Every structure is written in C-alpha cells, then in structure tokens.
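Could you walk me through this model in my viewer, one selection at a time? I would like to know what to click on next and what I will find there.

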Amino acid sequence: MEKRKWGDRKDGVWLKDLPPLNRIAPGVMPNRADNEAYINVDIDLRPLDAYLAKKNEGRTADRYTYFHLISAAICKAFILRPRMNRFICNYRVYQRRNVTTAFVVKKMFDDHAEEGLAFLEYEPAETIDSFHEKIMRVIHQTRREGAQDTSSGAMDIVSRLPQWLINLIVKTTLWLDKHGWAPQALIGTDPNHAAVFLSNLGSIGLEGGYHHLANWGTNSCFIVLGKKYMKMEYSKDGGQDLHEVIPLGITLDERIADGYYYSGTVALVKELLAHPALLELPADSPVEFSIKR
C-alpha cells in the first residue's frame, strides 16, 4: 500500500498532479449532488442465463444470480479502470485505496421488515466464486436475528437523543467526514462511503431508474438494477432480435472522469457480461474490449 502523505485520507490518496480542469472543477462545482451524469445500459441476459445454468447445476442453496455476476463485472471494471475509483471531498480529488461495493439487504420481504447494510471489498485477486461467497456470507449475517451493522447501530443510538443534540452530532460528523476524520463506528458499513453503491430494485419487482448521489460520504457511482424485460433490437440489415435484458441506471459524479472514459467502462462491463467466464479469472487480469460507435 502506498505510504500515506500529508493531505491523504485513510480511504484515499490526494491526487495533486492533475490537468488544470480537474484541479479547478471541485472549486467551481463543489457539491457531488450537483454534478450527476446519467447512463442507461441494457444487459443481454442470454449469456448470463447459460452461465448461471452451469454454475447452479446441483445447487439448492446460495445459488448464483444476475446480481452476483453484474456486481462482480462492475467491480472488476473499477479494478481495471482506476479513474472510476476516485472521489472528491473538501475540494480535492482522491484515488480510493480499495475497490468497495455496498448494498442494502432487506431482512424479510415485508413492509415492516428492517433493512441491513452490506459493505464488501473487491480485491485484485477476486474471482466470481470468492466474491459470491463474500456476498452470501454478509447476507446471511445481516439477516440473522438480532444482527446489526456498525453504521445502523450507531444511528440507532444517536436517534434516541434530543433533536438539538442529533442536529449538532450530524453537523459535526459532516465536518469530520469532509476532512476524512469521521469515526469508523459511524461510516464503517455506510454505502455512501463505497466506490459502488448498488440497488437491486428488480428483486422487488420495480422498473429500472436512477438514484441521486449524496454530498455526504465519498460515493461517486450509484447503480440501479431494474426489473428484467423483453427488448427488441434491430440490425442494420433490418433484422429483429427480441430478448430479455436487465436495465442498469448509472449515476456518476461527472468530475472524476470524462465521457470517453465512462464509455470505455460501460463497454468493458458489457464485454464481461457477454462472456461471464472472464469473471472466473483474477479481477486484475486484463480484458480486451472495444467501444462501439
């Protein structure tokens, strides 16, 4: 790990050698929520269906799902395209030290059921099998009766205090977070501090859409997985192709990279999901892909 220098945070390295526009942009446009860019991507499910049929053969529990494959492909893209793993805080651009992903776990599919927070690190040597094991482990832990993640536990304690004290604690925590000093007891499993915040709305029957970014935390990429649907595609020669897809609604902080870099990242994710066996290789294994124009 790179030695921490003055100006670095425990979760990121301060990038000082940047083009002028990238250095100036955080001062001109300081709020993450004011710099949202949106990308819509439809993922062809045919290669995923064939792959999942093989992976799940003989399995009765902890089966592999679309969510596992899609989240692994996105995290692998963040490993191979490190500019995606940047964030801006306190007018500075940082390179995140680790690729992390987070999502909310519904403990039961019921209107009154509680939610838990899952926060995972995706390592350079990660494969789809090791990542699937991590995801299932944290889901089982979160759904265990009485289990509570660190962030939810801290919020539960703070919420019992008088309102004036809650407001003071929130303002103080926002200031500490801005400087990278917020205590792990509050942000340890907070999805807004992950490189990729995922929301699997398709699992509860909702259509695809977009989610806003937040000025709190360091998250620069929020991805919504929507409900699968039938899509008709047309070729240049007039051919028709009707097949199932899952829509991804991607919200990005436009200050961390340019459109061409984002386009390349989307192309890489689509290549990985068109050939999901690539996810069985270590995450830092290079992948050839091209941007279709």
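Start by selecting Asp 8, and keep in mind that this is a predicted model. Asp 8 counts as buried, because its relative accessibility is 8% and buried means under 20%. Now add Lys 5 to the selection: the side chains of Lys 5 and Asp 8 meet in a salt bridge, with N and O 4.0 Å apart. Lys 5 is partly exposed, its relative accessible area being 40%.

Side chains of opposite charge can pair when their charged atoms come close. How many salt bridges does the structure hold? There are 13 of them, and two further examples come next.

**Next stop: Asp 42 and Lys 231**

Select Asp 42 together with Lys 231 and look at the salt bridge between them, where the closest N and O atoms are 2.8 Å apart. Asp 42 lies in strand 2 (residues 36-44) and Lys 231 lies in strand 9 (residues 229-234), so this pair ties together parts that are 189 residues apart in sequence. Asp 42 counts as buried, at 13% relative accessibility, whereas Lys 231 is partly exposed, with a relative accessible area of 23%. Now add Glu 233 to the view: salt bridges that share partners join Asp 42, Lys 231 and Glu 233 into one network.

For another salt bridge, go to Arg 255 and Asp 253, whose closest N and O atoms are 2.8 Å apart. Both of these residues, Arg 255 and Asp 253, are buried.

**A pocket beside Asp 42**

Return to Asp 42, since it also belongs to the lining of the second largest pocket. Which residues lie nearest the centre of this pocket? Select Asp 42, Ala 267, Lys 270, Glu 271 and Lys 292 to see them, out of 20 lining residues. Strand 2, strand 9, strand 10 and helix 8 each give two or more residues to the lining. Helix 8 gives the most, with 7 residues. The space in the second largest pocket comes to about 660 Å³, and its lining divides into 9 nonpolar, 4 polar and 7 charged residues.

**On to the largest cavity**

Keep helix 8 (259-274) in view, because it also gives residues to the lining of the largest cavity, as do strand 2, helix 3 (66-80), strand 8 (221-225) and strand 10 (240-253); each of these elements gives two or more. Here again helix 8 gives the most, with 4 residues. To find the centre, select Ile 223, Ile 250, Thr 265, Val 266 and Val 269, which lie nearest to it among the 14 lining residues. This cavity holds about 120 Å³ of space. What classes of residue make up its lining? The lining has 13 nonpolar residues, 1 polar residue and no charged ones. The whole structure has 3 cavities of 30 Å³ or more.

**Last stop: rings**

Select Arg 83 and Tyr 261: Arg 83 lies over the face of the Tyr 261 ring, at 4.6 Å from the ring centre. Then move to Arg 9 and Tyr 94, where Arg 9 lies over the face of the ring at 5.6 Å from its centre. If you would like to go on exploring rings, the structure also has 7 aromatic pairs to look for.

Terms used: Residues numbered from 1 in each chain as written. Predicted model: local features only at pLDDT ≥ 70, side-chain atom pairs only at ≥ 80, totals over all residues. Heavy atoms only, no water. Buried < 20%, exposed > 50% of the residue type's maximum accessible area, 1.4 Å probe, protein only. 1 Å grid on protein atoms, 1.4 Å probe; cavity = no way out; pocket = protein on both sides within 12 Å on 5 of 7 lines; lining within 4 Å. Points joined across faces, edges and corners; volume = space filled by probe spheres on them. Nonpolar A, V, L, I, M, F, W, Y, C, P; charged D, E, K, R; others polar. Phe/Tyr/Trp six-rings, centres within 6.5 Å; stacked < 30°, edge-to-face > 60°. Lys NZ or Arg CZ within 6 Å of the ring centre and 35° of its normal.
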